[in-house]
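Visitor: Could you walk me through this one and tell me how each label is earned?
Guide: Sure, have a look first.

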Amino acid sequence: MKIEKNNYLKKIPKVDYIYELAQKRNEFKGIYRKIIIRSIRKILEELRILIITDITKVDKDLLDETNILDKVLKSSISAMKPNLVKVINATGVIIHTNLGRSLFSSKIIENLNIIASNYSNLEFDLKTGKRGSRYKCIEQIICDLTGAESAIVVNNNAAAVLLCLNSLSKGKEAVISRSELVEIGGSFRIPDVMETSGTIMREVGTTNRTHLKDYELAVNEQTGILLKVHQSNFGIIGFTSSVDLIDIVKLGKKYKLPVMKDAGSGYLIDLSKYGLTKELTVSEIIKTGVDIVTFSGDKLIGGPQAGIIIGKKKYIEKIKYNPLNRALRIDKLTLAALEATLMLYQDENQALKNIPSLTMITESPETIESKAQICIDFIENLNCNKLTYSKLYLSSRVGGGSLPVEKLKSCCVGLKIHGMSVNKIYNHFKNQEIPIIGRIENDFFIMDFRTVKQNEILIICETIKKIV
Ligand SMILES: *Cc1c(COP(=O)(O)O)cnc(C)c1O
């Protein structure tokens, strides 16, 4: 046995030798040397381990050069591909944090392209020829769209909340209702962010009910800020009571304390016109007289990842000159994408047409059904008796902590494949060259066509054919 093992081990070819062979094969053209070498090492190491641990699985074929080269090729091709790849979102969740949240339309990409591949006036004032402000290009447009006095943008909304609290309430107490101590996607928890910012959390009220007097009783000489946070990804129903922002603002005025609202998603358009639940738009929030509002750039705004901070000039200035701001600043690509996105909001129809998240939210059930129908017609033509399908009128969700209880009427295709578990179907779709991410419901593999683009339908059809 030992002799056999040693014989096999001796037969493992040298790395250089395999590399030489690879160079003679056309398929390796264009693949970087380092990647080929790494793949060869990996394949040979796997072979070595197999010989040592389970000789019964080793035969002559395994040590065959062509066989080894094929494996090296496969591994090299896969190593040449980026790890961040396009997927098809058939989950029906529009602002899907795990799948990249917001998409850019060609209008935004155009602007990105120019700024990314050229020098720009990022921090150069073209009027004076002197050093300029990075935020100048978007400050005016944000103020115009929201009615705020002043604005600044940071890396994301989590950073925005952190920076605001650190700038305005470090070492002091921030008063917040117990119903608003939310967790958003695991890594963002209001109590943790407050602690990191250096502010002291002063919880008031209860989970379901908080009254104005609770806030007022908590105010003392230690108080730094009154904070209100959007509940984002859950709703409290039943015996509930909360304090309107406008009343907290009055309280803030009375005690000369800044009032901050973390709006989470941020609406620049009143989507209740399109049948969604009424939520305050950012300009309506500003109208309450609140001092600071923060919201995400890539949730309902539909732009790049960013945290937008707006409000009273005297507070924004304080935030701007906080050294932490430098650490949380956005890059030129974010600025370019954000400016292009905000530009579209100057005309609501343009925004709805050119900001994919808004287009998907307002897409009519008929349009979605017509997309699903293409898939169903294809399935019918397949004439495959292993495949059970069903057109299901289920609901999509906005996602990203926006409108948590909102259900948007949608049209889905449900699949069952005889002899295959629904989990297995899910994985098959997920493991495609272009992964297709669906969901599982009622023992069906479900694809919601609201979040599927027109040019992705055919890819889905071909995948169904391939899998059955
Ligand atoms: C989503 C959300 C955040 C975090 O925003 P990111 O842009 O994801 O960092 C903070 N607060 C609220 C209320 C949110 O909904």
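Visitor: What makes β2 and β13 a parallel pair?
Guide: Two bridges join strand β2 (residues 93-95) to strand β13 (residues 395-399), and the two run parallel. Strands count as paired if DSSP finds at least two bridges between them, so β2 and β13 with their two bridges qualify. One of the matches puts V93 across from R397 in β13. As for the names, helices (H or I, at least four residues) and strands (E, at least two) are DSSP runs, numbered from the N terminus.

Visitor: And the ground rules behind the numbers?
Guide: This is a predicted model, where local features need pLDDT of at least 70 and side-chain atom pairs count only at pLDDT 80 or more, while totals for chains, interfaces and linings use all residues. Residues are numbered from 1 along each chain as its sequence is written, and side-chain values use heavy atoms, with hydrogens and water left out.

Visitor: How do you know that β13 also pairs with β14?
Guide: Two bridges join β13 to β14 (residues 408-409), this time antiparallel. The pairing rule asks for at least two bridges, so this pair passes as well. S396 stands opposite L408 in β14.

Visitor: Why are β12 and β17 called edge strands?
Guide: They belong to an open antiparallel sheet of four strands, in the order β12-β15-β18-β17. β12 (387-392) and β17 (439-441) each pair on one side only. Neighbouring strands here are turned by 35° against each other on average, direction ignored; axes are lines fitted to C-alpha atoms, for helices over the stretch in contact, and angles run from 0 to 180 degrees between N-to-C directions.

Visitor: What makes β17 and β18 partners?
Guide: Three bridges join β17 to β18 (residues 444-448), running antiparallel, so the pair meets the rule of at least two. R439 has I446 as its bridge partner in β18. Helix α18 (residues 422-430) packs on the sheet, touching β15 (412-417), β17 and β18, with its direction at about 40° to that of β18. Touching here means contact, that is, heavy atoms within 4.5 Å.

Visitor: Which strands form the seven-stranded sheet?
Guide: The order is β3-β11-β10-β9-β8-β4-β7, an open sheet with mixed pairing. Its edge strands are β3 (150-154) and β7 (200-204), each paired on one side only. Neighbours are turned by 25° against each other on average, direction ignored. Helix α6 (residues 136-146) packs on this sheet, touching β3 and β11 (307-311), and its direction makes about 120° with that of β3. Helix α7 (residues 157-169) lies across β3, β4 (173-177), β8, β9, β10 (292-296) and β11, running at about 160° to β10.

Visitor: How do you know that β8 and β9 pair?
Guide: β8 (residues 223-229) and β9 (residues 259-264) share four bridges in the parallel sense. At least two are required, so they count as a pair. L226 is matched with V259 in β9.

Visitor: Why is R48 with E45 called a salt bridge?
Guide: The label needs a side-chain nitrogen of Lys or Arg within 4 Å of a carboxyl oxygen of Asp or Glu. R48 and E45 meet at 3.3 Å, N to O, so the pair qualifies. Both lie in helix α3 (residues 33-53), three residues apart, about one turn of the helix. The whole structure has 27 salt bridges.

Visitor: What makes up the interface of domain 2 and domain 3?
Guide: Ten residues of domain 2 are in contact with 13 residues of domain 3. The rule finds zero salt bridges across this interface.
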